[in-house]
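Here is a friendly briefing on how two chains meet and how they are related. Please have a look at the model first.

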2 protein chains.
Amino acid sequence: MKLYKWMSAPNPRRVEIFVAEKGIDIEIIEASDPANPGQLSAEFCGRYPHRRVPLLELDDGDWIGEAAAICRYLETLYPDNPLMGATPKEIAIVEMWDRLVEWEGLMAVSEVFRNTHKLFVGRGLAGYDREIPQIPALAERGEFRLRLFFEKIDEQLGGHTFLAGDTLSFADITAFCAIEFGISRRLAIPDECIHVQDWYGRVSKRPGVAN
Amino acid sequence: MKLYKWMSAPNPRRVEIFVAEKGIDIEIIEASDPANPGQLSAEFCGRYPHRRVPLLELDDGDWIGEAAAICRYLETLYPDNPLMGATPKEIAIVEMWDRLVEWEGLMAVSEVFRNTHKLFVGRGLAGYDREIPQIPALAERGEFRLRLFFEKIDEQLGGHTFLAGDTLSFADITAFCAIEFGISRRLAIPDECIHVQDWYGRVSKRPGVAN
């Protein structure tokens, strides 16, 4: 199997951390264009109509896109140290939190980034080969949503060690990648969200996470 | 178990069709406010901090939000007639397509609807209890994305009976609900997308789908 990533993009980073936390040995390939690292390479886009990373190429040549689908596949192949829940109810709670984090956190950060950064003029959305204009009002909405997201997970983390319970799960990985990416775009964790601050510090020191 | 829905909203409809296709007998409760059906009831919002439908209340009082998490939970409890794939690879392919449909199709329809309809002035996003202004440019982008979505699934359905293979899956249900909802907002399937037209006709006649 081969896993394709793109620079520091948060979605492939979710799979990279998942793989590292579970101790899965897998070849990771950078999909950016060496001459123009702000773009995915023409070879990658020509080969995979999905045009997004992460992408997992299987040994039979088939491929799977979308971080959660890739991680669920790997979780089945490597069931030790489950990160997506062990019982049906745990699996549902992890997926619920992961989707909530994607929708309210990761998407909010992406809205800010894609609609303000010069690199993405005319590329307001990932995965399209047409011109998608940036929308300044969407960046503004993204900052507002991100603030509400921090408040929501701060409340959850005030009563739980990790987002979906007592152990690290895929939902924490998604939240960590969203926040880490936001911080790199100067979207800091609010000072008063002390539970998020504490959780972020703990997650960032894990061997599978620290660079 | 109790399943909460809200009028004709597409996300609860995904779970309703899933349950009907699998033949699961479950109590379905309307969560809208009887005095103001355009809003979720105060009782529902007070009881469930998730503030979104669908929501599945378990017999022990715990609850699960998010359509895909609910359906995966029900698929584990009722494994006959799998709609989310049978093998690890099938499960991954169904989840990939479901997420692609959510992101490129369902979200596009929602962007149009939430940012143009009078009912949602000041409520540009589902699940928030703060004012979220409508963004006209986002409705325009949604229409453009929806067109590209139809082209993409038309290509896939030209070579496959259903989106993720030879049998109906949760990805088809998500796509059907997105398109059905779009049609109700006058966002028709383009005439030239003949494979989508054919597939939509077949899915709409299924006993679990037809109203």
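All of the interface, 100% of the interface residues of chain A, recurs as interface residues in chain B, so the copies meet through the same surface; contact means C-beta atoms, placed from the backbone, within 7 Å. This is a predicted model, in which local features need pLDDT of at least 70 and side-chain atom pairs count only at pLDDT 80 or more, while totals for chains, interfaces and linings use all residues. Residues are numbered from 1 along each chain as its sequence is written, and chains are lettered from A and ligands numbered from 1 in the order in which they are written.

**The interface**
- Chain A and chain B bring 25 residues each to the contact.
- On the chain A side, S6 (63-65), H3 (67-77), H4 (88-114) and H5 (136-159) each supply at least two residues; helices are DSSP runs (H or I) of at least four residues and strands (E) of at least two, numbered from the N terminus.
- H4(A) gives the most to that side, with eight residues.

**Symmetry**
- A turn of 180 degrees with a shift of 0.0 Å along the axis lays chain A on chain B with an RMSD of 0.0 Å, by least squares on C-alpha atoms of residues with pLDDT of at least 70 in both.
- The two copies are thus related as by a two-fold rotation axis.
- In chain A, the C-alpha of Leu138(A) is nearest the axis, 3.9 Å from it.

Terms used
Two residues are in contact if their C-beta atoms, placed from the backbone, lie within 7 Å.
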